[in-house]
Amino acid sequence: MIKIGIVGGSQAEIKDFVKQALEKYKNDLEFHVYDTSPDIGSKDLWTYHHYNSPEEMALAAVKQAYDKKIDIIVKGIVSTHTLLKAILNEKYSLKEQKVLSHVALMQLPNLEEKILLTDAAMNIEPTTEQLVEITKNVMKVAINVGKKQPKIALLSSAENYNPKMPSSVLAKEVTEHFSEDKQATVHGPLSLDLALSKHAVKSKRFNGPIAGDADVLVVPNIDVGNVLYKALVLFGQATIGGMIVGTSVPIVLTSRSDSTDSKLIGLGLALDQVK
């Protein structure tokens, strides 16, 4: 039985998400809700825990995860800042890796395979060392979702190295770091079309270790990641769910505007990390 703690979970949209999750996973999940609002659920849905402030409920969930009584934390209706502050609390810190990062699983109607995207939500302008850690984090996630020797594309605006372009320099340095890695293929700089489109690869007569078949997209900074993420959702009919990694338990990030399908994708991604 996998135990899931939802911080700020006593909300109508979360209730619907929990119902569908229990149905999808055949009641193999046990939900705990931490909230300041009255309990709107029932005993067959979740165990409810009442607190007087968002800070208290976030820290309570983190402590439960620290004590290994919760396997996954889900962000409900609570600010990301409040949740992150609890996650990094000195006494119950869940930070396990050098860098925390965000990984999203994207389901696009014109792609057969789901694609992972990192980091579109946490690290603003990563250094080479930080992007190496972000890549290590997503590599582990990719392997856990069943990608054998995942192909990890380091995005830039072009596939040719340009010393005047920071993203190109960053991608080249990270590629060199992973040049001997046997678990995955890490390559960049690479443009988005050459990372995902076989047609573009053929048209441009491109040869490379990743040629329209990337499993993972790594962006050079949060501006590129945020724009790409939102453009795919708004105009590419993408369904995306994401989580924070680099912690001892996965932290599923949801927002009030997310569809239930997005929440379920994020939960599924987290479940692949703990099974």
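**Strands, helices and two residues in a predicted model**

Three bridges link strand E7 to E9, and the two strands run parallel. One of the residue pairs here is Leu154 with its bridge partner Val218 in E9. The model is a predicted one, and this pair of strands belongs to a bigger picture: an open sheet of eleven strands, in the order E3-E2-E1-E4-E11-E10-E5-E6-E9-E7-E8, with mixed pairing. At the edges sit E3 and strand E8 (185-190), each of which pairs on one side only. Going from neighbour to neighbour in this sheet, the strands are turned by 25° against each other on average, if direction is ignored.

Next come the helices that lie across strands. Helix H2 (residues 54-66) lies across strand E1 (2-7), strand E2 (29-35) and strand E4 (72-75), and runs at about 145° to E2. Helix H9 (residues 260-274) lies across E1, E2, E4, E5, E6, strand E10 (239-245) and strand E11 (251-253); its angle to E10 is about 40°.

Helix H8 (residues 222-235) is worth a slower look. With its 14 residues, H8 spans 19 Å from first C-alpha to last, close to the 20 Å expected at 1.5 Å a residue. Ile222, Gly225, Leu228 and Leu232 are buried in H8. Viewed down the axis of H8, the buried residues fall within an arc of 135°, so they line one face of the helix. A general rule helps here: an α-helix has 3.6 residues a turn, so residues three or four places apart point the same way. The face of H8 turned away from the buried side carries Asp223, Val227, Leu234 and Phe235, which are exposed. As for what covers the buried residues of H8, the list includes strand E5 (101-107), strand E6 (115-118), strand E7 (151-155), helix H6 (192-196) and strand E9 (216-218). Both ends of H8 have a detail to show. At its start, a side-chain oxygen of Asn221 comes to within 3.1 Å of the backbone nitrogen of Asp223, while just after H8, Gln237 takes a positive phi of about 55°.

Helix H3 (residues 80-87) can be read in a similar way. Its buried residues are Thr82, Leu83, Ala86 and Ile87. Looking down the axis of H3, these buried residues fall within an arc of 135°, so they line one face of the helix. His81 and Lys85, on the other side of H3, are exposed. The packing partners of the buried residues of H3 are E1, H2, E4 and E11.

Finally, two single residues in strands. Ser101, placed in strand E5, has a relative accessible area of 0%, so Ser101 is buried. Its side chain makes a polar contact of 2.9 Å with the side chain of Asn137. Leaving out residues up to four places away in sequence, Ser101 touches Thr118, Asp119, Met122, Asn123, Ile134, Asn137, Met243, Ile244 and Val245.

Thr47 is found in strand E3 (residues 46-50), one of the edge strands of the sheet. At 37% relative accessibility, Thr47 counts as partly exposed. Setting aside neighbours within four places in sequence, Thr47 is in contact with Phe31, His32 and Val33. His32 is 15 residues from Thr47 in sequence, yet the two lie 4.7 Å apart in space, C-alpha to C-alpha.

Conventions:
Residues are numbered from 1 along each chain as its sequence is written. This is a predicted model: local features need pLDDT of at least 70, side-chain atom pairs count only at pLDDT 80 or more; totals for chains, interfaces and linings use all residues. Side-chain values use heavy atoms; hydrogens and water are left out. Helices (H or I, at least four residues) and strands (E, at least two) are DSSP runs, numbered from the N terminus. Buried means under 20% relative accessible area, exposed over 50%, partly exposed in between (1.4 Å probe, protein chains only). Contact means heavy atoms within 4.5 Å. The expected span of a helix is 1.5 Å times one less than its number of residues. The arc is that of the directions from the helix axis to the C-beta atoms. A polar contact is a pair of N or O atoms within 3.5 Å; within protein, one must be able to donate a hydrogen and the other to accept it, and residues adjacent in sequence count only if both atoms are side-chain atoms. Two strands pair if DSSP finds at least two bridges between them. Axes are lines fitted to C-alpha atoms, for helices over the stretch in contact, and angles run from 0 to 180 degrees between N-to-C directions.
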